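The following exchange between a student and a tutor concerns the structure displayed below. Please keep the sequence and the model in view while reading.

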Amino acid sequence: MDFTLTDEQSMLRDAVRSYLAGRYPLVESRSAARSAERWQPAVWEAFASELGILAALVPESLGGLGGGPEEMMVITEELGGALVVEPYVGTAVVGAALLRGGGGESADAVRSAIAEGGARIAFALTEPESGREPWDIGATAVRDGDEYVLTGAKIVVADLPLATHLIVAARTAGDRLDRDGVSLFLLEFDPQAPPSGVSATYFRTIDDHHTGDLVLDEVRVPATALLGAEGGAWGIIERALDDGAAAVCSEAVGIMRRVVRETVEYAKQRRQFGVPIGSFQALQHRMVDMSLELEQSVAATYLAVLNLEAEPQARRRAVSAAKITVARAARFVGQNAVQLHGGMGMTEELAIGHCFKRLTAIETEFGSATDHLRRYADAGSG
């Protein structure tokens, strides 16, 4: 496999890196994340109009750039390095993948709006009673003439307070542990005035991202809200979740690159017993181990990204292997960076503490290491 970026991909990386370095200071982004507005709309507009990264994974026929997994990796790694909290992965990666799989005029219209910066997606999948299987869905959608009636509860819906549209996974047939019988529905959403029958609660997570919980009480939606074939959505969902898992692995790589670099620089400057602490052999070994974990994560993430369009069994194994590798590395690199910085590692002023919190969150996003170990074993035996 060729891991070398093309000239176009290198230019994309440099453009995103340059923008974020000059116009995305950590203090301002954290202040915005903790404000009533929760984010920086001007940054999102720049992602659409100046950088074009919201259009990267949208086909040219819908006003996008027609990019693929490699472009997604390039973008998300740079966003990770800058600790971007705007809802890129949820909208431009997972949301776009669900809409692509569902197809239809309404889905295409929202994909075009994503490219233009006018649509943001929240995917409502996990439920209060969900077990370890992501297809454990109890929310129901009952056909009633030209409408569906949605009932159920969803928790930890990423980016919910920022969304303009919801994609809801609900069961139209079968038992809650059946892969068959799951359907997807696309709803317009206003966080300040949710649709009739929808109750929403919002909260900020430890890494300054935003999420929320939903209760759907006999919410009526037109039959045209159905994405794809009724009862046949699980394959679409699984591919979108794999795209999301690969994206946050790439994001974690960008964060870990920053963490290793800043830890090495700190070790050169911080002095103890009259010498830089970086001269102590034990700490040198620690930083080498951090670098090795990073490089393993880079290789695993590249492999996952290059297999996103492979046949499902190969895709599952590659993505799960990457998620397992990155989860281990994220914990090791984050914890050691904080320890090597001492008490300063958890202060608001340094990026290290913020990196550590985001890496901790990524450990369980789109499935924990334990979940993916089991999935990897199942993929190998299937």
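The questions and answers below treat domains, helices, cores, a hairpin and salt bridges in turn.

Student: What kind of model is this, and which domains does the domain assignment of the chain give?
Tutor: This is a predicted model. The domain assignment divides the chain into domain 1 (7-119), domain 2 (122-231) and domain 3 (234-380).

Student: How many residues does the contact between domain 2 and domain 3 take from each, and what distance separates their centres?
Tutor: The centres of domain 2 and domain 3, taken over C-alpha atoms, are separated by 30 Å. Their contact takes 14 residues from domain 2 and 13 residues from domain 3. The distance asked for is thus 30 Å.

Student: What end-to-end distance does helix H7 have, and how does it agree with the expected span?
Tutor: Helix H7 has 36 residues, which at 1.5 Å a residue should span 52 Å. The distance between its end C-alpha atoms agrees with that expectation, being 52 Å.

Student: Why is H7 described as largely enclosed by the rest of the structure?
Tutor: The criterion for a buried residue is a relative accessible area under 20%. H7 is largely enclosed because the number of its 36 residues that are buried is 28.

Student: Which residues touch the most other members of the largest nonpolar core, and which helix gives the largest share of it?
Tutor: The largest nonpolar core has 96 residues, and Phe47, Phe123, Leu184 and Ile237 touch the most other members. The largest share of this core amounts to 18 residues and comes from helix H7.

Student: Which residues does Ile237 touch, and how many residues has the other core that lies apart?
Tutor: Leaving aside residues up to four places away in sequence, Ile237 touches Leu98, Phe123, Leu125, Ala169, Val182 and Leu184. Apart from the largest core lies another, with Ala141, Ala163, Ala170 and Leu187 among its members. The number of residues in that other core is 22.

Student: How are strands S2 and S3 joined, and which residue in the turn has a positive phi?
Tutor: Strand S2 (residues 140-144) runs antiparallel to strand S3 (residues 147-154), and five bridges join them. Within this pairing, Val142 has Val149 of S3 as its bridge partner. The two strands form a hairpin with two residues between them, and the turn residue with a positive phi, about 65 degrees, is Gly145.

Student: Is helix H10 mostly covered or mostly uncovered, and which helices do its buried residues pack against?
Tutor: Helix H10 is mostly covered, since nine of its 12 residues are buried. These are Ala351, Ile352, Gly353, His354, Cys355, Arg358, Leu359, Ala361 and Ile362. The helices against which the buried residues pack are H2 (26-33), H7 (234-269) and H9 (312-341).

Student: Is His354 buried or exposed, and which residues does it touch?
Tutor: His354 lies in helix H10. Its relative accessible area is 3%, so His354 is buried. Residues up to four places away in sequence are not counted, and His354 then touches Leu26, Arg30, Arg34, Leu83, Asp208 and Glu348.

Student: Which residue meets Asp208 in a salt bridge, and where do the two residues lie?
Tutor: The side chains of Asp208 and Arg34 meet in a salt bridge at 3.0 Å, N to O. The pair links distant parts of the chain, 174 residues apart, with Asp208 in the loop between strand S6 and strand S7 and Arg34 in the loop between H2 and helix H3. Asp208 is buried, with a relative accessible area of 1%, whereas at 37% its partner counts as partly exposed, and that partner is Arg34.

Student: Which residues are linked in a network of salt bridges?
Tutor: The structure holds 32 salt bridges. One network of salt bridges links Arg30, Arg34, Arg204, Asp208, Glu348 and Lys357.

Student: How many residues apart are Glu78 and Arg17, which form a salt bridge?
Tutor: The closest N and O atoms of Glu78 and Arg17 are 2.9 Å apart. Glu78 belongs to helix H4 (residues 69-81) and Arg17 to helix H1 (residues 7-23), so that the pair links distant parts of the chain, 61 residues apart.

Student: What separates Lys268 and Glu265 along helix H7?
Tutor: The side chains of Lys268 and Glu265 meet in a salt bridge (3.7 Å, N to O). Lys268 counts as exposed at 53% relative accessibility, and Glu265 counts as partly exposed at 38%. Because they are three residues apart in helix H7, their separation is about one helical turn.

Methods: Residues numbered from 1 in each chain as written. Predicted model: local features only at pLDDT ≥ 70, side-chain atom pairs only at ≥ 80, totals over all residues. Heavy atoms only, no water. Buried < 20%, exposed > 50% of the residue type's maximum accessible area, 1.4 Å probe, protein only. Helix = DSSP H or I, 4+ residues; strand = E, 2+ residues; numbered from the N terminus. Contact = heavy atoms within 4.5 Å. Pairing = 2+ DSSP bridges. Salt bridge = Lys/Arg side-chain N within 4 Å of Asp/Glu carboxyl O. Core = buried A, V, L, I, M, F, W, Y, C linked by side-chain atoms within 4.5 Å. Domains from an automatic or database assignment. Expected span 1.5 Å × (residues − 1).
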